[in-house]
Each structure stands twice: as C-alpha cells, then as structure tokens.
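Reader: I am new to this structure and would love a close look at a single part of it. Could you walk me through one strand and what surrounds it?

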Amino acid sequence: MDIDKIDATILSELTGNARVSQVELAARVGLSSTAVARRQRALEENGLIQSYQAVLDLRRFGLATTVVVRITLDSQSDEALKAFEAGVLDCPSVVRCFLMSGSDDYVVIVLARDIEDFERIHRTELSRLPRVARLESSFALREVVNRAVPPSVFGKTARGVQRRRRAEA
C-alpha cells in the first residue's frame, strides 16, 4: 500500500497518541472524521497499523532497572537458535530479544526492580536458557529516547516533533 502525506500524518499522530479522537485527528489532517476513520481502517487492514498499546509507567510497577544482556550461544546451529528462542519466550522478565549479527548472538532487554532482582533473574531465568555459553550485562543509567517509530519515517526531524509535543502539553 502506498501512503500519501495525509496517511503519513495520521500515522505520525497515532504514534504520538493512539487515543486521539477522530474529530481531533480530522482537524489535524484537514479531513472529515469519516474520511479519517476510513483511511485509518485501510491502514489497519493493510497491516501498516498492527496494533495499539498503552505505554505504562513501569516504575509504578516497581520495574526501575533496565538491563541490556548480550548473549553468546555455544553454537550457531539451527537447533541451538531454535532451542534458545523457545526458551527465551518463557522468560517473564525479558521484554525484547533480538537475533544479532556480529560477536553476540542475541541481545535481550530485561526489566527488573533493582540489581538484586536482576541477580535473581540472571540465576533463575537467563543462566538456565539452553545453549548459552556467555552472558554479559549492562545496566541502563537513564532512558534518553524511547520511540515506537523514528520521526524520519514521516519526514519529520526529531527536534521538530519534540518541540510540537512540548507545545501541546
């Protein structure tokens, strides 16, 4: 599906606030709310919008520590990769997992309450994953950027988007 400037604006607005009303969205893109709803439905049906989700304040849930874990397996065989991936799906503390190129086979993002909680996660979840040869962990000190989509996808600079969102707040 090819998207035009209006579709790109709809997508940009929805990535900033998925709960924006059809009326408000219509005003921002210069169409009727019916036309916006039709376009949004087409974007969903064509898979450009896959889902909507709430962004939670994880600190309020006690998850104040983000850990980046680089994992090397004992083999890069298809069996080893499949076994690891099946195992990591069952780790409740893992929120993201990427198969990587380079020296590490996987990068895993873990959320923990604190360092002691991460020690428990390391001992009871990560170190028990199949075919793991090496784990190397780094603790995030502070989140600087957290975007679902880079603003460049919509032809906008990051600073322009930040200024507009600050002005709206």
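Author: Happy to! Let us start with the two faces of strand β3: Tyr106, Val108, Val110 and Ala112 point one way, Val107, Ile109 and Leu111 point the other way, and all of them are buried. Buried here means under 20% relative accessible area, while exposed means over 50% and partly exposed in between, with a 1.4 Å probe and protein chains only. β3 covers residues 106–112, and 7 of its 7 residues are buried. Strands (E, at least two residues) and helices (H or I, at least four) are DSSP runs, numbered from the N terminus.

A word on the model: it is predicted, so local features need pLDDT of at least 70 and side-chain atom pairs count only at pLDDT 80 or more, while totals for chains, interfaces and linings use all residues. Residues are numbered from 1 along each chain as its sequence is written, and side-chain values use heavy atoms, leaving out hydrogens and water.

Now to the neighbours. Two strands pair if DSSP finds at least two bridges between them. Strand β1 (residues 65–73) runs antiparallel to β3, joined by 7 bridges, and here threonine 66 stands opposite leucine 111. Strand β2 (residues 94–99) is also antiparallel to β3, with 5 bridges, and phenylalanine 98 stands opposite valine 107. The hairpin of β2 and β3 has 6 residues between the strands, and glycine 102 takes a positive phi near 95° there.
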